[in-house]
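Me: I am in my first year and would like a careful look at a single part of this protein, its open sheet. Please keep the explanation connected.

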Amino acid sequence: MVQRENNLANEDNVCLKAVELRKSYISGKEELQVLKGIDLTVEVGEFITIVGASGVGKTTLLNLLGTLDRPTSGTVFYKDQDVFKLNDRDLARFRNREIGFIFQFHHLLPEFTAIENVMMPTLIAGMNKEQSFKIAKGLLQIVGLDGREHHKPAELSGGEQQRVAVARALANNPKVILADEPTGNLDRKSGEAIHDMIFRLNREMKQTFIIVTHNENLAQRSDRVIGLIDGKAEILKGD
Ligand SMILES: Nc1ncnc2c1ncn2[C@@H]1O[C@H](COP(=O)(O)OP(=O)(O)O)[C@@H](O)[C@H]1O
Ligand SMILES: [Mg+2]
């Protein structure tokens, strides 16, 4: 009984759980096995980095954890929800509400201003414009872009564009933020500023982060480093 209570207490603290996750791509007659059974439990508030050689499957793994793609077998649980049991429509809704994404290239909509880009996820989730605006303004403040709300992406530097992307990822107050080489495209100084900022969000707002990176420094600062090697996950730092 005590054992069971312990388990339940632990479960409460789990953000997501990948179970025996496999992914193969088929092209013509060839089958490319990229992920060969990944098990990974991520706790609420953890800061995890994923490292590994180019082409090893880091983006593939992140896309599965983020439900942007479906696995060949195995699954991902968010709390008790086996997310791949959802149909595409419900999965899209789940993703919009529960997961924030930061990509290597910011993927901001060029014809919209910074604040409109940050408002997008909450508007899609059905929030009214006034509330959405208020939240977006607050987030742009947090990422240090006060006064730049009405600039379009092209009028911002690469680092500033990525800050807008971070603010957008936070808009729906997601359970987890997934980032795929978020600073790979930035100079060192702008990259470090973004790293400092996401660490602060992790510490102060208890946001859970899973970040694919080639940045040694960022990996060193994270709670756990997961290495992808030949389709399997190996813990390189943490436990
Ligand atoms: N949609 C796809 N169809 C076929 N092969 C793919 C697809 N996406 C990725 N791959 C292949 O899967 C492997 C892992 O890719 P990826 O996850 O992008 O690696 P990483 O992000 O670690 O560089 C690569 O060999 C890549 O060419
Ligand atoms: Mg990649």
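To set the scene before you turn to the sheet: among contacts between residues at least 6 apart in sequence, what percentage join residues at least 24 apart?

Reply: This is a predicted model, in which local features need pLDDT of at least 70 and side-chain atom pairs count only at pLDDT 80 or more, whereas totals for chains, interfaces and linings use all residues. Residues are numbered from 1 along each chain as its sequence is written, while chains are lettered from A and ligands numbered from 1 in the order in which they are written.

The percentage you ask about is 69%, where a contact means that C-beta atoms, placed from the backbone, lie within 7 Å. The protein has eight helices and 10 strands, which are DSSP runs numbered from the N terminus (helices H or I, at least four residues; strands E, at least two).

Six of these strands form the open sheet, in the order β6-β7-β8-β3-β9-β10 and with mixed pairing, two strands being paired if DSSP finds at least two bridges between them. At the edges stand β6 (99-102) and β10 (232-237), and because each has a single partner strand, one side of each is left without a neighbour in the sheet. Neighbouring strands are turned against each other by 20 degrees on average, direction ignored. The partnership of β10 with β9 (residues 224-229) is antiparallel and runs over five bridges, and Ile226 has Ile235 in β10 as its bridge partner.

Helix α6 (residues 158-170) packs on the sheet, where it touches both β6 and β7 (176-180). The direction of α6 makes about 170 degrees with that of β6, the axes being lines fitted to C-alpha atoms (for helices over the stretch in contact) and the angles running from 0 to 180 degrees between N-to-C directions.

Note on methods:
Contact = placed C-beta atoms within 7 Å.
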